[in-house]
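Work through the exercises below with the sequence and the coordinates at hand. Each task is followed by a solution in steps.

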Amino acid sequence: MPLFRPALRVLGGGALAGVLALTACAPGDNSTSSTPTASSPSAVSTDISALGDVELVVWDQEVRGSQNDALEALNAAFEDTYPNVTIKRTSQSTDDLKQQVTLALGGSDVPDVVQVNNARGDMGQFVSAGQLTDLTGYAEAYGWEDRFTDSVLSKVRYSSDATTFGDGNLYGLPQTGEIVGIFYSQSKLDDLGLEAPTSWDEYLTALDTAKEAGQQPMALGNLDKWPALHVFGPLQSNFVAADEIVALGMGNAGATWLDDGNTAAMEQFETWGSEGYFGSSPNGTDYDAAWTAFTKGTGVFLPGGSWLATDMEAVMGDDLHFITLAGLDGQVATTGGTGIPFSIPAKAENPDVAAAYLDFITSDEAMTMIADNGGMPVNDTAELAPADGVQNDIFTAFATVSETGTLLPYLDYATPTFSDTAGQGLQEVLGGQRSAQQVLEAFEDDYSAFVGS
């Protein structure tokens, strides 16, 4: 399942002011020797100006025009702050970067900073092989644990052997956030005489009301299999405790797919498929075609990610809204995560400068610049939310979930093979080729084989 992020608009005057402000935010001069493991503050240096001339090699996948412009501006501000540092940047597509990183980290010619997908099949394998720097010491030196919420940092934490995901050492920092919830058309709800749902019971009732009125309750394009995970993930929270979903989604021991809660969630999803709640052919509909059709009136609700908002709002305007719902525990719990984190390879030539760069591009000022240019910053999200509209809904929802609720992992994080297992299983239960129980047994087999190993 690809990780999507909201696109950033072209930099404007407010963004440039933010960049200028960043140049006044260089770290202090508490200097000591450096080490690639950075396990404590005494093992790192934050006096970057004292390190002499440095070429900092950065590999990223911020290739979209506006995202590229934003990182270019931050890079320029970093070089202004540290005139002794020159950034050598290589930017390429997510897939190309993934292939290059996998090859490079096993050798000696590595970048100083690289974006690494935080899933087990990527970051987890690199951690297990000892190919990424534990950033714990830098986190203490720069105060990152005060800057980021625990829910966000859990997405970049692994035990040193990568057995446990979500707890342990720190291996990356993200800039942006993303959240999966439920988009809806206000005019459709008005026509049906409904208020926006505030609970899962109200949402299920609204779906039934829409269906009885001859409306398609939900839009879904599941041709590529992964979109169904963005429907099932939030639904699961209505039946399963958040901590169990986290264990399952992060591939940690101690949970099961075969309990009553997961069975009820999968049976509900199965019912939606068999009774046409997603229309006549969700598995034959392309993802982009589905959300495009939603903007033109097909479907009352659309379960989906925050990255869809900009394009849909351009068509629907104030008619488009976004909600998340409280889970079984009474607190909001929904699928979500971060943009692809920035990490430091274990063999990086300049780890201290790399850590200063991570600190710089995730600072409070950087978050303001990201928000000013259309992105959803991973920190200070509620404070930086637009005044109104669907983006206000989304920013506020992310802040609530990440600060006081549970940001549930994408289920395909669970094991190196779970993306295929889950995508295939959900598509088949949706199409009636396999039963809910059969799919859950396949999920359990994949999960158990991994945690057992």
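A residue is called buried under 20% relative accessible area, exposed over 50%, and partly exposed in between. The model is predicted, and every value below is computed from it.

**Exercise 1. Classify the two ends of the salt bridge between Glu 428 and Arg 434.**

Step 1. The side chains of Glu 428 and Arg 434 come together at 2.4 Å, N to O.
Step 2. Arg 434 has 25% relative accessibility and therefore counts as partly exposed.
Step 3. Glu 428 has a relative accessible area of 18%, so Glu 428 is buried.
Step 4. Elsewhere, salt bridges with shared partners join Asp 60, Glu 72 and Arg 89 into one network.

**Exercise 2. Describe the overall build of the protein.**

Step 1. Count the secondary structure: there are 19 helices and 11 strands.
Step 2. The radius of gyration is 22 Å, close to the 22 Å that the globule rule gives for 453 residues, so the protein is as compact as a globular protein of that length.
Step 3. Along the principal axes, the C-alpha atoms fill a box of roughly 70 × 50 × 35 Å.
Step 4. Of the 453 residues, 57% are buried.
Step 5. Take the contacts between residues at least 6 apart in sequence: 77% of them join residues at least 24 apart.
Step 6. The accessible surface is about 16800 Å², and carbon and sulfur atoms account for 46% of it.

**Exercise 3. State how the charges are distributed, and how many salt bridges the whole structure contains.**

Step 1. The protein carries 16 positive and 63 negative charges.
Step 2. The mean positions of these two sets lie 7 Å apart.
Step 3. A search of the whole structure gives six salt bridges.

**Exercise 4. Trace the salt bridges made by helix 6, starting from Glu 145.**

Step 1. Glu 145 pairs with Arg 157, with 3.0 Å between the closest N and O atoms.
Step 2. Glu 145 belongs to helix 6 (residues 144–147) and Arg 157 to strand 4 (residues 157–158), 12 residues apart.
Step 3. With a relative accessible area of 44%, Glu 145 is partly exposed, whereas Arg 157, at 13%, is buried.
Step 4. Arg 147 forms a salt bridge with Asp 359 at 2.8 Å, N to O.
Step 5. Arg 147 lies in helix 6 and Asp 359 in helix 15 (residues 351–361), so this pair ties together parts that are 212 residues apart in sequence.
Step 6. Arg 147 is partly exposed at 22% relative accessibility, and Asp 359 is buried at 8%.

**Exercise 5. Locate Thr 149 and Ser 154 and list their contacts beyond four places in sequence.**

Step 1. Thr 149 sits in the loop between helix 6 and helix 7.
Step 2. Its relative accessibility is 21%, so Thr 149 is partly exposed.
Step 3. Beyond four places in sequence, Thr 149 touches Ser 402 and Glu 403.
Step 4. Gln 67 is 82 residues from Thr 149 in sequence, and their C-alpha atoms are 24 Å apart.
Step 5. Ser 154 occupies the loop between helix 7 (150–153) and strand 4.
Step 6. At 14% relative accessibility, Ser 154 counts as buried.
Step 7. With neighbours within four places set aside, Ser 154 is in contact with Phe 165, Gly 166 and Met 250.

Terms used
Residues numbered from 1 in each chain as written. Predicted model: local features only at pLDDT ≥ 70, side-chain atom pairs only at ≥ 80, totals over all residues. Heavy atoms only, no water. Helix = DSSP H or I, 4+ residues; strand = E, 2+ residues; numbered from the N terminus. Rg over C-alpha atoms; globule rule 2.2 N^0.38 Å. Buried < 20%, exposed > 50% of the residue type's maximum accessible area, 1.4 Å probe, protein only. Contact = heavy atoms within 4.5 Å. Areas by Shrake-Rupley, 256 points an atom, 1.4 Å probe, with all protein chains shown as cover. Lys, Arg positive; Asp, Glu negative; His and termini not counted. Charge placed at Lys NZ, Arg CZ, Asp CG, Glu CD. Salt bridge = Lys/Arg side-chain N within 4 Å of Asp/Glu carboxyl O.
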